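Trainee: Please take one part of this predicted model and go through it closely. I would like the pairing described step by step, and then how that part sits in the rest of the structure.

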Amino acid sequence: MQKIIALLLFTLFSNISFSQSAKIEFSAKENTIDYGKVTKATDSGIRVFEFTNTGNAPLIITNVLSTCGCTVPTKPDAPILPGKKGKIEVKYNMATGPIRKTITVESNAANYEGGRIALKIKGEVVE
């Protein structure tokens with residue numbers, strides 16, 4: 001009987017420890033930053049996606065990918081602890097015309113399928 005109770009307690013505590021997960025919540029509405037109408041002469045093209053780890057385990061950003069070379073994202077190097085904030089910086093090259101780019105974040109976030117999150121930038125660069 002004691003072995004059964006010990007086994008049940010071990011199983012219970014094992015399940016509790018495995019239920020820890022990282023979760024990511026971005027402050028940008030719909031994970032999108034709108035540049036609006038901007039000019040290359042007055043704008044650096046840099047924007048920042050701020051986020052919070054709302055989970056109970058460290059959040060690890062493993063990769064940040066852009067759809068083209070005109071958009072360069074920078075990911076955090078260190079894990080983001082539960083309750084802490086982080087940021088992903090995006091630099092657009094400010095080519096004249098519409099801005100419609102997607103940045104894909106790969107992470108261990110449990111609140112997105114496969115830990116993959118799509119971030120978007122939009123706007124227009126005018127002369």
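Mentor: Start with one pair of residues: I103 has L119 in strand 8 as its bridge partner. That pair belongs to a longer ladder, in which strand 7 and strand 8 run antiparallel and are joined by 10 bridges. Strand 7 covers residues 97-107 and strand 8 covers 116-126. As general background, strands of a sheet pair through backbone hydrogen bonds, in either the parallel or the antiparallel sense.

Strand 7 also pairs with strand 4, again in the antiparallel sense, here over 5 bridges. Two positions mark out this ladder. V64 has V105 in strand 7 as its bridge partner, and I61 stands opposite S107 of strand 7.

Both ladders belong to an open sheet of 4 strands, whose order is 2-8-7-4 and whose pairing is mixed. Strand 2 and strand 4 are the edge strands, each pairing on one side only. Averaged over neighbouring strands of this sheet, the turn of one against the next is 20 degrees, with direction ignored.

How enclosed is strand 7 by the rest of the structure? Of its 11 residues, 8 are buried, so strand 7 is largely enclosed by the rest of the structure. The cut-off behind that count is a relative accessible area under 20%.

The model's largest nonpolar core has 26 residues, and F49, I88 and I121 have the most contacts inside it. Strands 1, 2, 3, 4, 6, 7 and 8 each give two or more residues to this core. The largest share comes from strand 8, with 4 residues. In general, nonpolar side chains of soluble globular proteins tend to be buried together.

I121 deserves a look of its own. Leaving aside neighbours within four places in sequence, its contacts include I99, R100, K101 and I103. Also in contact with I121 are I33, Y35, F49, T71, V90 and Y92. I103, where this account began with its partner L119, is thus also one of the contacts of I121.

One covalent feature remains. A search of the whole structure finds 1 disulfide, formed by C68 and C70 with their sulfur atoms 2.3 Å apart. Are these two cysteines buried or exposed? C68 has 25% relative accessibility, so C68 counts as partly exposed. C70, at 16%, counts as buried.

How values were computed. Residues numbered from 1 in each chain as written. Predicted model: local features only at pLDDT ≥ 70, side-chain atom pairs only at ≥ 80, totals over all residues. Heavy atoms only, no water. Core = buried A, V, L, I, M, F, W, Y, C linked by side-chain atoms within 4.5 Å. Buried < 20%, exposed > 50% of the residue type's maximum accessible area, 1.4 Å probe, protein only. Contact = heavy atoms within 4.5 Å. Pairing = 2+ DSSP bridges. Axes fitted to C-alpha atoms, helices over the stretch in contact; angles between N-to-C directions. Disulfide = S-S within 2.5 Å.
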